[in-house]
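Please open the model in a viewer and keep the sequence panel visible beside it. The tour below proceeds selection by selection and states what is to be found at each stop.

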Amino acid sequence: MKIRAITLFPKMFDCLNESIIGRAIKSGVLDFEAVDIRAYSKDKHQKCDDTPYGGGAGMVMTPQPIYDCINAVDPNHEYVRVYMSPKGERLSDGLCRTLSENENILLLCGHYEGVDQRVIDLCIDREISIGDYVLSGGELAALVVIDGVCRFVDGVLGSSVSHEDESFSDGLLEYPHYTRPPEFMGMKVPEVLLNGNHKEIDKFRKAQSEKLTAERRPDLLKVTDGESEVDGGH
Ligand code: ADE
């Protein structure tokens, strides 16, 4: 999978060189680059923002540098072009899975009050929000999308890792995990996990998942059209 982040702050993406995503980049499973919008500005001071028409607080990112940057990265529109925005469709497990089916993803990160609407209308395929709060820029949201999506790309997680047991995969929150030692600070690992009876273990974990979901996220238990709401219909 190829991902390009279009941003004024490319260094914010350096953290992708760590951990699981870092390994995927090193192995070539993931081809990632953060592209600096400023390099495409035709302004003599490489300015990329200006005051909003109609007045109001803050600055708006000008369309020219973004337009030229996107068209340099993706001249033939081979990427799904996403604008990170609190006004977008809410990210979910289902949306991460859907996005992971794309070979190429471009993530436009706004700053200040946002970007000129014309560049969104001209260049962008979909807008995605990571939740109902406003971040100072789209970079952290793009990082969340990259991490959430890449986990579904073949070869990113080890071959022994399955998505089937994860939270949301079956519309439920995941059961709690335990490892050695069998007793810690006087707290014992549930006996059933130690006896090697996999039928019993599965039953125990399912019950734990259902209990946790009912307590913390009863909304996930509401089913629409035979499908869990958690996947957003994707
Ligand atoms: N940019 C600013 N806030 C955001 C959010 N909640 N989701 C996605 N992009 C954003």
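Which residues does L91 touch, not counting residues up to four places away in sequence? Select L91 together with C96, I128, S129, I130, V144 and V145, which are the residues it touches under that condition; contact means heavy atoms within 4.5 Å. L91 lies in the loop between β5 and α3. Helices (H or I, at least four residues) and strands (E, at least two) are DSSP runs, numbered from the N terminus. At 17% relative accessibility, L91 counts as buried. Buried means under 20% relative accessible area, exposed over 50% and partly exposed in between, with a 1.4 Å probe and protein chains only. Now add E139: its C-alpha atom and that of L91 are separated by 15 Å, the two residues being 48 apart along the chain.

Two remarks on the basis of this tour are in order. This is a predicted model, in which local features need pLDDT of at least 70 and side-chain atom pairs count only at pLDDT 80 or more, while totals for chains, interfaces and linings use all residues. Residues are numbered from 1 along each chain as its sequence is written, and side-chain values use heavy atoms, with hydrogens and water left out.

**The whole protein**

Display the full chain as a cartoon. The secondary structure comes to six helices and 11 strands. Taken along the principal axes, the C-alpha atoms fill a box of roughly 70 × 40 × 35 Å. Of the 234 residues, 40% are buried. Among contacts between residues at least 6 apart in sequence, 74% join residues at least 24 apart.

Next, switch on the surface. The accessible surface comes to about 13,900 Å², of which 51% belongs to carbon and sulfur atoms; such areas come from the Shrake-Rupley method with a 1.4 Å probe, and for residues only the protein chains shown count as cover.

**Strand β6**

Select residues 104-109, which form strand β6. Six of the six residues are buried, so β6 is largely enclosed by the rest of the structure. In a regular strand the side chains alternate between the two faces of the sheet. Show the side chains here: N104, L106 and L108 point one way from β6, and I105, L107 and C109 point the other way.

Which strand pairs with β6 in the parallel sense and covers residues 80-90? This is β5, and the pairing runs over five bridges; two strands pair if DSSP finds at least two bridges between them. Select V80 to find the bridge partner of I105 in this pairing. Then add helix α3 (residues 93-99): β5, α3 and β6 make a right-handed β-α-β unit. A crossover is right-handed if, with the strands pointing away from the viewer, the path from the first strand over the helix to the second runs clockwise.

**Strand β1 and its partners**

Move to residues 2-7, strand β1, which pairs with β6 in the parallel sense over five bridges. I3 has I105 as its bridge partner in β6, and K2 has N104. β1 is mostly covered, five of its six residues being buried.

Now select β2 as well. β1 and β2 pair in the parallel sense over six bridges, and K2 stands opposite D31 in β2. With α1 displayed, a right-handed β-α-β unit made of β1, α1 and β2 is in view.

**Backbone details**

Select S19, found in helix α1 (residues 19-27). Its phi is near 55 degrees, a positive value in a residue other than glycine. S19 counts as exposed, at 63% relative accessibility.

Q46 is found in the loop between β2 (31-36) and β3 (49-50). Although Q46 is not a glycine, it has a positive phi of about 55 degrees. Is Q46 buried or partly exposed? With a relative accessible area of 36%, Q46 is partly exposed.

For a cis peptide bond, select R180 and P181, which it joins with an omega of about 5 degrees. P181 lies in the loop between α5 (139-150) and β8 (183-184).

**Last stop: L172**

L172 also lies in the loop between α5 and β8. It is buried, with a relative accessible area of 9%. Leaving aside neighbours within four places in sequence, L172 is in contact with E166, S167, K206, S209, E210, T213 and L221. Finally, add L212: it is 40 residues from L172 along the chain, and their C-alpha atoms are separated by 8.3 Å.
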